[in-house]
Amino acid sequence: MEFMDLRYDILLNPLVVIGILLLIIVPLTLFQTNRYLHKYGDPPWKQPEKPDDGAE
């Protein structure tokens, strides 16, 4: 039982909680920022092609 109590103490440590939140927030923020910059900053030849309206 002491082992499980030790694990709960580690998980409830505020620094561990802050670290876990940062592990989730930082990569997601960087991914969204990168996607936004590519959407508005890539040259036209590098943009994904938009499908035609069936003109073929």
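The following exchange concerns the nonpolar surface patch of a predicted model.

Modeller: In this predicted model, local features need pLDDT of at least 70, side-chain atom pairs count only at pLDDT 80 or more, and totals for chains, interfaces and linings use all residues. Residues are numbered from 1 along each chain as its sequence is written, and side-chain values use heavy atoms, without hydrogens and water.

Biologist: Why is Ile25 called partly exposed?

Modeller: Buried means under 20% relative accessible area, exposed over 50%, and partly exposed in between (1.4 Å probe, protein chains only). Ile25 has a relative accessible area of 46% and is therefore partly exposed.

Biologist: What makes a group of residues a patch?

Modeller: Members have over 30% relative accessible area and no salt bridge (side-chain nitrogen of Lys or Arg within 4 Å of a carboxyl oxygen of Asp or Glu). Nonpolar side chains (Val, Leu, Ile, Met, Phe, Trp, Tyr) are joined within 5 Å, like charges within 9 Å. Here the nonpolar patch includes Tyr8, Leu11 and Ile25.

Biologist: Which helix gives the most to the nonpolar patch?

Modeller: Helix 2 does, with 7 residues; helices are DSSP runs (H or I, at least four residues), numbered from the N terminus. Ile25 lies in helix 2.

Conventions:
Accessible areas come from the Shrake-Rupley method with a 1.4 Å probe; for residues, only the protein chains shown count as cover. Helices (H or I, at least four residues) and strands (E, at least two) are DSSP runs, numbered from the N terminus.
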